[in-house]
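Reader: I would be grateful for a close look at one part of this molecule. Please take a single residue as the starting point and then describe the elements around it.

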Amino acid sequence: MRRGWWVPVLASALLLSGCGGGSSAPVAISVSPKTVTLSPGASQTFKATVTNTSNVSVTWQVNSTPGGTAKLGTINVFGVYTAPITEPTPPTVNVTAVSQADATKSATALVTIAQPSGAGNQQAQSLPIKLGTSGGDSLDLTKSGNTITC
């Protein structure tokens, strides 16, 4: 009678260990916005959403460097990315949020750093600029007889 007492106990323990021990969903993470274009020196706030864990903290990286660099742009713990003051080569960087609950989970946004449209046509004017001139070129005016229209 004493030899078989452990069989029902072992069977009950195995059955109970399966109760409520189902697999939980893996940690998931997303970043918004997914893409953005910024002027050199401009800033953008990114938002990371971490699900399936109580630890929703993230570590921010720029091109795999925590916090970024002056050459590629920096990002603080609040997700505020600041582009470098000059365009990097290439002019795109990856801003990544890495889950602190599971460092194998991350999400990335693509940032393009570019001068605003038309900025390439702007040239520095030499000083002093003569009064009555626009500082532009000869195509900035129209002549009709003795009348010049700018």
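Author: In this predicted model, Gln61 counts as buried because its relative accessibility is 17%, and buried means under 20%. Gln61 is found in strand 5. Leaving aside residues up to four places away in sequence, Gln61 touches Pro66, Gly67, Ile75, Asn94, Val95, Thr96 and Val98.

Two of these contacts, Ile75 and Val95, lead to the nonpolar interior. Ile75 and Val95 are among the residues with the most contacts inside the largest nonpolar core, as are Val31, Phe46, Trp60, Tyr81 and Val111. This core has 20 residues. At least two core residues come from each of strand 1 (28-32), strand 2 (35-38), strand 5 (58-62), strand 10 (92-99) and strand 11 (106-113). Strand 11 gives the most, with 4 residues. In soluble globular proteins, nonpolar side chains tend to be buried together.

The description now turns to an open sheet. Its 4 strands follow the order 3-9-8-7, and their pairing is antiparallel. Strand 3 (43-45) and strand 7 (68-69) occupy the edges; each has a single partner strand, so one side of each is left without a neighbour in the sheet. At one of these edges, strand 3 runs antiparallel to strand 9 (residues 80-82), and 3 bridges join the two. Within this pair, Ser43 of strand 3 stands opposite Thr82 in strand 9.

Definitions and conventions. Residues numbered from 1 in each chain as written. Predicted model: local features only at pLDDT ≥ 70, side-chain atom pairs only at ≥ 80, totals over all residues. Heavy atoms only, no water. Pairing = 2+ DSSP bridges. Core = buried A, V, L, I, M, F, W, Y, C linked by side-chain atoms within 4.5 Å. Buried < 20%, exposed > 50% of the residue type's maximum accessible area, 1.4 Å probe, protein only. Contact = heavy atoms within 4.5 Å.
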